[in-house]
Amino acid sequence: MKTTYNLRAIAANVISQVLDKGQSLSSLLPQYQRDISEKDRALLQELCFGVLRVLPQVEWIIQQLMAKTLTGKQRTLHYLIMVGIYQLAHTRIPAHAALSETVNGAIALKRPQLKGLINGVLRQFQRQQAELDERAAHHTSRFAHPEWLLARLKKAYPQQWQQIVEANNQRPPMWLRVNRLHHTREHYLALLTEAGIAAQPHPEEDEAIMLSEPCAVSLLPGFAQGWVTVQDVSAQGCVRWLAPQDNEHILDLCAAPGGKTTHILEAAPHAKVLAIDVDPQRLARVNENLQRLNLHADVRQGDGREPGAWCGEQQFDRILLDAPCSATGVIRRHPDIKWLRRDSDIPELALLQQEILEAIWPRLKAGGTLVYATCSILPEENQQQMRAFLTRHADAKLVETGDAQHPGLQKLPAAEDGDGFFYAKLVKSID
């Protein structure tokens with residue numbers, strides 16, 4: 001059955017809302033995917049993620065092909081051209097299909113008079129692609145990161161910044177977390193093999209499995225029954241450092257969308273878990289994840305800087321603070337981060353993290369454990385944050401994760417491993 005929509009035009013609209021209105025892909029895509037076929041949902045995601053992953057490269061190519069780029073009310077057509085170039089350069093979509101569907105996108109965007117222009121630019125790219133690829137290999141656009149972020153990465157990781165950039169620009173692997181309440185990892189690997197899904201275990205995280213190729217969750221054995229959860233292996237490390245125990249009072253702060261909340265309960269099913277997040281819409285995801293896994297936690301909305309408003313004077317045996325951060329460690333999963341973040345965000349986020357840490361530390365029992373985690377790779381949010389906190393709090397002892405000079409463990413994104421992530425495990429002194 002012929003569709004009544006043009007997928008390339010939809011992708012151009014989504015990209016426009018990200019770049020011109022500051023919307024996030026994770027909030028936009030589900031809205032647009034509701035109204036298209038299941039087959040097209042994956043392609044829409046590929047087109048949007050792909051263009052934003054290599055945005056400066058595609059922008060540079062258009063500048064070589066057009067004397068004047070489209071602006072103002074025609075700006076969405078500029079993004080449509082980006083979608084066309086991305087298809088021709090980075091996908092296996094047949095060139096004739098990519099061309100015709102992209103050109104017809106001008107009709108869907110109510111600019112039929114620009115069909116000829118779009119067709120001409122895309123055909124010109126086809127003719128000049130080899131030459132443009134050669135020139136682009138020596139242009140700074142090949143890094144596909146904003147200048148401010150490149151500067152921060154070069155300063156923090158003078159020997160590793162290019163590997164980080166390269167990892168950020170790759171498609172991420174799909175990681176699973178096996179629910180130990182149902183299966184051992186070895187048993188679930190056998191179930192995947194029976195289902196024809198190739199996978200391998202992680203050497204450090206006991207429940208982590210990496211699929212050789214991403215697949216729909218509907219194909220995963222027992223997904224609907226809660227046998228397995230999609231979660232990056234680095235995020236899984238949080239619960240290993242937290243080491244939750246049954247019957248303890250545990251706070252999962254900044255808990256949405258609930259991956260770590262459910263992981264805590266899989267590790268300690270009789271723990272009393274309070275899950276807090278400031279965003280009511282994202283909290284709905286926590287409840288959905290708990291329901292699928294048939295687990296229970298006390299889920300409440302609240303600001304981490306004001307614990308009295310949501311837990312009174314209660315204290316906790318363990319606290320997991322997955323702090324609000326720049327998310328610079330998960331760019332490969334959320335390429336729009338590169339274009340939504342600003343350099344000025346970093347000190348603001350560092351201050352917010354400090355305020356939450358200061359507010360929540362008194363709620364940790366003497367002898368209790370707090371794990372501070374971020375999906376950032378920037379020192380201001382991680383090592384520097386921890387070094388300052390330890391200086392201010394004589395009753396905080398760093399354990400198992402670094403030393404006083406280099407507090408915490410920093411993971412960098414890697415093609416066959418996890419996202420960029422930071423962990424620091426603190427224990428509060430008893431005396």
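**Figure 1. The annotated active-site residue, Cys 375.** In the unreviewed UniProt entry, Cys 375 is the residue listed under "active site", and it is shown here in a predicted model. Cys 375 is placed in the loop that runs between strand β9 (364-374) and helix α17 (383-392). With a relative accessible area of 16%, Cys 375 counts as buried, because the cut-off for that class is under 20%. When neighbours within four places in sequence are left aside, the contacts of Cys 375 are Cys 325, Ala 327, Thr 328, Gly 329 and Val 330, together with Gly 420 and Phe 421.

**Figure 2. The annotated domain and its binding-site residues.** According to the unreviewed UniProt entry, residues 164-429 carry the feature "domain: SAM-dependent MTase RsmB/NOP-type". Of this span, 31% is helix and 23% is strand, and its end C-alpha atoms are 37 Å apart. The "binding site" feature, also from the unreviewed UniProt entry, covers Cys 254, Ala 255, Ala 256, Pro 257, Gly 258, Gly 259, Lys 260, Asp 277, Asp 303 and Asp 322.

**Figure 3. Close-up of Gly 258, one of the annotated binding-site residues.** Gly 258, which the UniProt record includes in its "binding site" feature, is found in the loop between strand β5 (249-253) and helix α12 (259-267). The relative accessible area of Gly 258 is 0%, and this residue is therefore classed as buried. Apart from residues up to four places away in sequence, Gly 258 touches Val 286 and Asn 289.

**Figure 4. Close-up of Asp 322, another residue in the binding-site annotation**. Asp 322 belongs to strand β8, which comprises residues 316-322, and at 14% relative accessibility this aspartate is buried. Beyond its neighbours within four places in sequence, Asp 322 is in contact with Leu 253, Cys 254 and Lys 260, as well as with Ala 373, Thr 374 and Phe 421. Among these contacts, Cys 254 and Lys 260 are themselves listed in the binding-site annotation, while Phe 421 also appears among the contacts of Cys 375.

**Figure 5. The buried residues of helix α4 and the elements that cover them.** Helix α4 spans residues 55-65, and its buried residues are Leu 55, Pro 56, Val 58, Trp 60, Ile 61, Ile 62 and Leu 65. The elements covering these residues include α1 (7-21), α3 (38-53), α5 (75-90) and α7 (115-136), and also α15 (337-340).

**Figure 6. Salt bridges of Lys 39 and of Glu 355.** Across the whole structure, 21 salt bridges are found. In one of them, the side chains of Lys 39 and Asp 40 meet with an N to O distance of 3.4 Å; Lys 39 is exposed at 66% relative accessibility, whereas Asp 40 is buried at 9%. A further salt bridge, at 3.5 Å from N to O, joins the side chains of Glu 355 and Arg 305. Because Glu 355 lies in helix α16 (residues 345-360) and Arg 305 in the loop between β7 (298-301) and α14 (308-311), this pair ties together parts that are 50 residues apart in sequence. Glu 355 is partly exposed, with a relative accessible area of 32%, and Arg 305 is likewise partly exposed, at 41%.

**Figure 7. The salt bridge between Asp 419 and Arg 333, and its network.** The closest N and O atoms of Asp 419 and Arg 333 are 2.8 Å apart in this salt bridge. The pair links distant parts of the chain, 86 residues apart, with Asp 419 in the loop between β11 (409-411) and β12 (421-428) and Arg 333 in the loop between β8 and α15. Asp 419 is buried at 3% relative accessibility, whereas Arg 333 is partly exposed at 21%. Through salt bridges that share partners, Asp 232, Arg 332, Arg 333 and Asp 419 are joined into one network.

Notes. Residues numbered from 1 in each chain as written. Predicted model: local features only at pLDDT ≥ 70, side-chain atom pairs only at ≥ 80, totals over all residues. Heavy atoms only, no water. UniProt positions renumbered as here; feature names shortened; annotations may be inferred. Helix = DSSP H or I, 4+ residues; strand = E, 2+ residues; numbered from the N terminus. Buried < 20%, exposed > 50% of the residue type's maximum accessible area, 1.4 Å probe, protein only. Contact = heavy atoms within 4.5 Å. Salt bridge = Lys/Arg side-chain N within 4 Å of Asp/Glu carboxyl O.
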